[in-house]
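Q: I should like to learn how helix packing and sheet arrangement are read from a model. Where should one begin?

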Amino acid sequence: MRIKTGIKTVRISIIGFGNVGGGVAEVIRRKREEIARRYGLNIKIVGIADLRGISVDENGLSEEAIMGLRRGDKKLEKRADMTSVDLIKEVEHEVMVEVTPTNIEDGEPGLTHIITALESGKHVVTSNKGPLAVEYKKLMERAAKREKELRFEATVGGAMPIISLVRKNLAGNGILSITGILNGTCNYILTRMAEEGLPYEHVLKEAQEIGIAEADPSKDVEGIDTAVKLVILANSVFDMNATYKDVEVTGIAEITPDALKLADDAGYVIKLIGEVDREGCLKVTPRLVPQDDPLNVGGTMNVATIKTDLAGDITVIGKGAGPIEAASAILSDIISIYR
Amino acid sequence: MEISMDIELQDIPGQLVLALEPVSDFGGNILSVLHQRDKKTPSGRIPVQLVFELEEKRLDRVVERLKERGVKVVRIGKERLKESMVVLLIGHIVHSDVRDTIDSIDRTGFAEVVGLSVSMPGVAKKSSASVTLSAIGKKELEEALQILKRTVNKKGILIITPI
């Protein structure tokens, strides 16, 4: 590892201050010294915005101020003179971190945030799947035109590196297909159903109680979330111009404990599998996975097998969700812009 | 059809060629020959295992020719359905005419349903089934799967296939 001597200040804004946005602030605080020592970067948060309001300090918001916002004992200001878009445009900074909730209908408000940032000369790092699923090509062209980076490792597989793995570490390989479990909620439900022989409705309720499934679980259990991630992989890895409508999607709501038992008798488990290949096939369906296959991971884990022409099969397993896990991917995207 | 055959040869030169010629003469395609010189039988013969493809109706004539040449045929194995796969079905399997679902495969001539296991939790509830399909080759197995998919899709049954 090369030790950097000069320190470069990187000013960032965090747009969307929910779990993931808070996680980003937290990892930057925790890793401040290490980032300076190993990468020569001093990451300063100069602006935070979400639906509740805005907080700006061009010299960098203090740790106390950010902690206060996270704990909720300090509130974002409602400002008539400044919206999130104004913050992105007018406050000087280098990287805009877009972590507002995913909207797969039209990608907003993330889409406007990202376009504004690129147009005003900022790099963008995002965990927001919506804008990339809706307007991938347009956004990439805009970034290229402005010579800015648009990075989105956190959108697929959370902490599990997949996009940069394919683009950097597997450079030179032809990628034949990517197959995997890209939704931890579905994996948790199917794993519990198989282990306990419980019906779907029962396990879904349990998952909601412990916060693994949302109150409205439809995006996860109907396979929509997995499909959107596949679209991002299709566009970024296979250079397609796909949208959500191009994906054949079947969810897990119909899976019965009996079916899981029959699968087990035959040496299989049932998993919600997303598949994309270079022929343009995009599919999210429950599939039989051999019990000894590397794709057979349990709990909320995510996994993906990348089939390549030179390296053969590569499988990555990791935590697919969680604020710190998503922040890990965002932090490495920020650092990689300056390496 | 793929045929496996165990034969025994006399331990004198030229016997292997003598045994393989009839297979070729009748248009067979030899896939594998395992000639085990070091494993003699108690009667001093050498066991050989052959695997070849041959039209089924010509098999009797090949066997006849081998016997004429003094080759002892110990075992003949015909494995018509070489490839198989398990798929799961979830839905109203029995009430949507399970016989018709199975027939859609069996009537192809190149594939069959060789295993079926059904769980029926209650009359109104959806049942689950595992179905084992076998076919004469990989291509035919894939075709049988597509036929099954079309058949069950029409009946509103969910099909789960191996990755």
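A: The model is a predicted one. In it, α6(A) and α11(A) are oblique to each other.

Q: How is a pair of packed helices described in general, and at what angle do α6(A) and α11(A) pack?

A: Two packed helices are described by the angle between their axes and the distance between the axes. Here, helix α6 (residues 129-145) of chain A packs against helix α11 (residues 224-237) of chain A at about 55 degrees, and the axes are 9 Å apart. The angle falls outside the ranges for roughly parallel (under 35 degrees) and roughly perpendicular (65 to 115), so the pair counts as oblique. The crossing of α6(A) past α11(A) is left-handed.

Q: Which residues in α6(A) meet α11(A)?

A: A:Lys129, A:Leu132, A:Ala133 and A:Tyr136 do so; their counterparts in α11(A) include A:Val228, A:Val231 and A:Ile232. By class, this contact has 6 nonpolar, 2 polar and 3 charged residues.

Q: What is the strand order of the open sheet in chain B?

A: The order of its 4 strands is β6-β7-β5-β8, with antiparallel pairing. At the edges are β6 (111-119) and β8 (158-160) of chain B, each pairing on one side only. On average, neighbouring strands are turned by 25 degrees against each other, direction ignored. Between β6(B) and β7(B) there are 8 bridges, and B:Ser119 has B:Ser128 in β7(B) as its bridge partner.

Q: Which strands does helix α4 of chain B lie across?

A: Helix α4 (residues 138-154) lies across β5, β6, β7 and β8 of chain B, at about 10 degrees to β5(B). From chain A, helix α12 (residues 257-265) lies across β5, β6 and β7 of chain B, at about 30 degrees to β7(B).

Conventions. Residues are numbered from 1 along each chain as its sequence is written. Chains are lettered from A and ligands numbered from 1 in the order in which they are written. This is a predicted model: local features need pLDDT of at least 70, side-chain atom pairs count only at pLDDT 80 or more; totals for chains, interfaces and linings use all residues. Side-chain values use heavy atoms; hydrogens and water are left out. Axes are lines fitted to C-alpha atoms, for helices over the stretch in contact, and angles run from 0 to 180 degrees between N-to-C directions. Helices (H or I, at least four residues) and strands (E, at least two) are DSSP runs, numbered from the N terminus. Angles under 35 degrees count as roughly parallel, over 145 as roughly antiparallel, 65 to 115 as roughly perpendicular and the rest as oblique. A crossing is left-handed if the near helix is turned anticlockwise from the far one by less than a right angle, and right-handed if clockwise. Contact means heavy atoms within 4.5 Å. Ala, Val, Leu, Ile, Met, Phe, Trp, Tyr, Cys and Pro count as nonpolar, Asp, Glu, Lys and Arg as charged, and the others, Gly among them, as polar. Two strands pair if DSSP finds at least two bridges between them.
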